[in-house]
Amino acid sequence: MQRPGTDPQNVQPEDILCDFCRRATWAKDIPSIEGHHGSIICTDCLACAWTEVVELQAGVDLEGASCTMCLEERSDPAWRSPLHEEASICRRCIKLGGRAFRKDGQAAWGAKPDKD
Ligand SMILES: [Zn+2]
Ligand SMILES: [Zn+2]
């Protein structure tokens, strides 16, 4: 996401935030993945989501709310940011993101089992 109040004509790296923790992922060089409409999840938030939804098979029902990343109303379990409740990511997006990070060669992701 862009920091609220960002000038669309003059977007700075500090203005690009993870939707789930609101850290400036670009400015701090935190690996992140972009979803639709400029939504962003960083590697740390995705790791939390992966643990909860993929590994522990927990997660929440979005009950009609849409996934922040794909903007679809998904019926699969989702992870909701503990910091910003309006931000959630569905299981499908978590898995896609995790695979992308692993492909990227990120050490933390190489060890994660790819469960279904
Ligand atoms: Zn984050
Ligand atoms: Zn999604």
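Which residue just after α2 takes a positive phi? In this predicted model, the residue is Gly 105, with a phi of about 80°. The helix that precedes Gly 105, α2, comprises 13 residues, 91–103. At 1.5 Å a residue this helix should span 18 Å, and its end C-alpha atoms are 18 Å apart, so the two values agree. The buried residues of α2 are Arg 91, Cys 93, Ile 94, Lys 95, Gly 97, Gly 98 and Phe 101.

One of these buried residues, Cys 93, takes part in metal binding as a donor of the zinc ion (ligand 2). The other protein donors of this ion are Cys 67, Cys 70 and Cys 90, and each of the four cysteines contributes its SG atom at 2.3 Å. The 4 donor atoms subtend angles of 103 to 117° around the zinc ion (ligand 2), and the arrangement is therefore tetrahedral. Along the sequence the donor residues of this site are spaced C-x2-C-x19-C-x2-C. Within the site, Cys 70 and Cys 90 link distant parts of the chain, 20 residues apart. Cys 70 lies in the loop between α1 and β3 (78–80), whereas Cys 90 belongs to strand β4 (residues 88–90). Both Cys 70 and Cys 90 are buried.

The zinc ion (ligand 1) has as its protein donors the SG atoms of Cys 18, Cys 21, Cys 42 and Cys 45, which lie 2.3 to 2.4 Å from the ion. The angles among these 4 donor atoms are 104 to 116°, and the site is tetrahedral. For tetrahedral coordination by four donors, the ideal angle at a metal is 109.5 degrees. The donors of the zinc ion (ligand 1) follow the spacing C-x2-C-x20-C-x2-C along the chain. Cys 18 is located in the segment before β1 (32–34) and Cys 45 in helix α1 (residues 43–55), so this pair ties together parts that are 27 residues apart in sequence. Cys 18 and Cys 45 are both buried.

Aromatic contacts were also examined. The structure holds 1 aromatic pair, formed by Phe 20 and Trp 79. The rings are stacked, with a distance of 5.9 Å centre to centre and 25° between the planes. This pair, too, links distant parts of the chain: Phe 20 is in the segment before β1 and Trp 79 in strand β3, 59 residues apart. Phe 20 counts as buried because its relative accessibility is 1%. Trp 79 is likewise buried, with a relative accessible area of 5%.

Note on methods:
Residues are numbered from 1 along each chain as its sequence is written. Chains are lettered from A and ligands numbered from 1 in the order in which they are written. This is a predicted model: local features need pLDDT of at least 70, side-chain atom pairs count only at pLDDT 80 or more; totals for chains, interfaces and linings use all residues. Side-chain values use heavy atoms; hydrogens and water are left out. Helices (H or I, at least four residues) and strands (E, at least two) are DSSP runs, numbered from the N terminus. The expected span of a helix is 1.5 Å times one less than its number of residues. Buried means under 20% relative accessible area, exposed over 50%, partly exposed in between (1.4 Å probe, protein chains only). Donors are N, O and S atoms within 2.8 Å of the metal (3.2 Å for Na, K and Ca); water is not among the atoms, so sites may look incomplete. Four donors count as tetrahedral if all angles lie between 85 and 135 degrees; four count as square planar and six as octahedral if opposite donors are over 155 degrees apart and all others between 65 and 115; anything else is irregular. Rings of Phe, Tyr and Trp (its six-membered ring) pair if their centres lie within 6.5 Å; planes under 30 degrees apart count as stacked, over 60 as edge-to-face and the rest as tilted.
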